[in-house]
Amino acid sequence: MAIKQELEKREKRTCLHDKHLSLGAFMSPFGGFEMPIQYAGIAPEHYAVREKVGLFDVSHMGEVIVRGTDAERYVNHIFTNDVTAMPVGKILYGMMCYENGGTVDDLLVYKLGENDFFLVINAANIDKDWAWMQQHAEGFDISLLNASDDYGQLAVQGPESEHIMETVLGLPCKELTFYTVKMIGDIIVSRTGYTGEDGFEIYAAPDYIRACWDKMIAAGVQPCGLGCRDTLRFEVGLPLYGDELSEDITPVMAGLTMFVKLDKPEFIGKEALAKQKAEGPAKKLVGIELFDKAIPRHGYPVLNMQGEPIGEVTTGYHTLSTDKSVCMALIDAAYSKLDTEVQIQIRKKVFPGKVIKKQFYNKNYKK
């Protein structure tokens, strides 16, 4: 018990921690932080985002600022996507990879100025990513700043998000298109989303984030926890680091080669990823639909029809938006063709299913 209590003491808290407690949120450790998992419940929060609007505290995410005459060259060196033709105000998604092609992290790169990049990284990877970035900064004329503790972050997600941003917060954002960003004073406002719905992110000092939170809660916006954030991103086939990407799961295995620009002169991991793409990965990330209502969970074995293990589930749910038992799974490439019949072992029973596309629900972004 003493060990557990000591571990719990080590969890970090976001600038909105007291707000979550006052709303009766169920809190749990995630990525080294004590975070809200749900308020009203995963299902009502999920539907709020799909149908109206939901508000997420994502202040646990990390932020790194890269500036200097070699900022573009440095980011291109550590990032799988290509920032060389990237205009100011654009955002790109991609990965940082090890030399062997394994994934250090997936991240967003914001271009705020000609020599000014803002990198958004996963909470659980902040220390690892920061060490990696510093390790590979030698020879580049840049300044690196780990600004993770300086920013709070809110995600406003759902079809009514633009209306809330404009009328409740007074943040003009209509001109922002998908994967673009702008500065409003010291506030960074972007339009990306991790839910499959139209949505915005606000990065700012903690006091401003707290004020925005209060305004939106007072206006009746549904606060949402990380529980529905996972069900929402899963339904539209978006990866979560630690599940669909990891040190052992490359972007090629995960089907994310569109974010790996092998025509760039160089980046860390390029040779390994080019070789894997050319030869074909031994394992691939696929979608699987079960013919039963059973729910596949992370780590459950995937079997072929002869009962032999061929992989395992990375994320699985009985989806709220489509009422189907589906999962993403990393399996032997030989079984990755659409409609291939497979089985999933759930405890002591085996349930049949088939390989389908990883996107289980259509995205509704504003392009």
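## Helix H8 and what comes after

Helices here are DSSP runs of at least four residues, numbered from the N terminus. Keep in mind that you're looking at a predicted model. With that in hand, find helix H8, which covers residues 226-235. Right behind H8 comes Gly237, and its phi is positive, near 75°.

H8 itself is mostly covered, with 10 of its 10 residues buried. Among them are Leu226, Cys228, Leu232 and Phe234, but also Arg229, Asp230, Arg233 and Glu235. Arg229 has a ring for company: it lies over the face of Phe56, at 5.3 Å from the ring centre.

## The sheet

Now look for the strands. Five of them make an open sheet in the order E5-E6-E7-E4-E8, and the pairing is antiparallel. Why is one side of E5 and of E8 left without a neighbour in the sheet? These two strands stand at the edges, so each has a single partner strand. From one strand to the next, the twist averages 25°.

Zoom in on E4 (residues 62-67) and E7 (residues 116-121): six bridges join this antiparallel pair. For instance, Ile65 has Phe118 in E7 as its bridge partner. In general, strands of a sheet pair through backbone hydrogen bonds, either parallel or antiparallel.

## Helices across the sheet

Two helices lie across strands E4, E5, E6, E7 and E8. One is H4, running at about 30° to E7. The other is H5, which runs at about 170° to E8.

## Aromatic rings that meet

There are 11 aromatic pairs in the structure. One of them brings Tyr74 and Phe140 together edge-to-face, with 5.4 Å centre to centre and 70° between the planes. Tyr74 belongs to helix H4, while Phe140 is in the loop between helix H5 and strand E8, so to speak a long way along the chain: the two are 66 residues apart. Are these two buried or exposed? Tyr74 counts as buried because its relative accessibility is 0%, and Phe140, at 15%, counts as buried too.

Tyr93 and Phe259 make another edge-to-face pair, 4.9 Å centre to centre with 90° between the planes. This pair also links distant parts of the chain, since Tyr93 is in strand E5 and Phe259 is in the loop between H8 and helix H9, 166 residues apart. Tyr93 is buried, with a relative accessible area of 13%.

Finally, ring pairs tie Tyr110, Phe118, Tyr151 and Tyr203 into a cluster. You've met Phe118 already, as the bridge partner of Ile65.

Terms used. Residues numbered from 1 in each chain as written. Predicted model: local features only at pLDDT ≥ 70, side-chain atom pairs only at ≥ 80, totals over all residues. Heavy atoms only, no water. Buried < 20%, exposed > 50% of the residue type's maximum accessible area, 1.4 Å probe, protein only. Phe/Tyr/Trp six-rings, centres within 6.5 Å; stacked < 30°, edge-to-face > 60°. Lys NZ or Arg CZ within 6 Å of the ring centre and 35° of its normal. Pairing = 2+ DSSP bridges. Axes fitted to C-alpha atoms, helices over the stretch in contact; angles between N-to-C directions. Contact = heavy atoms within 4.5 Å.
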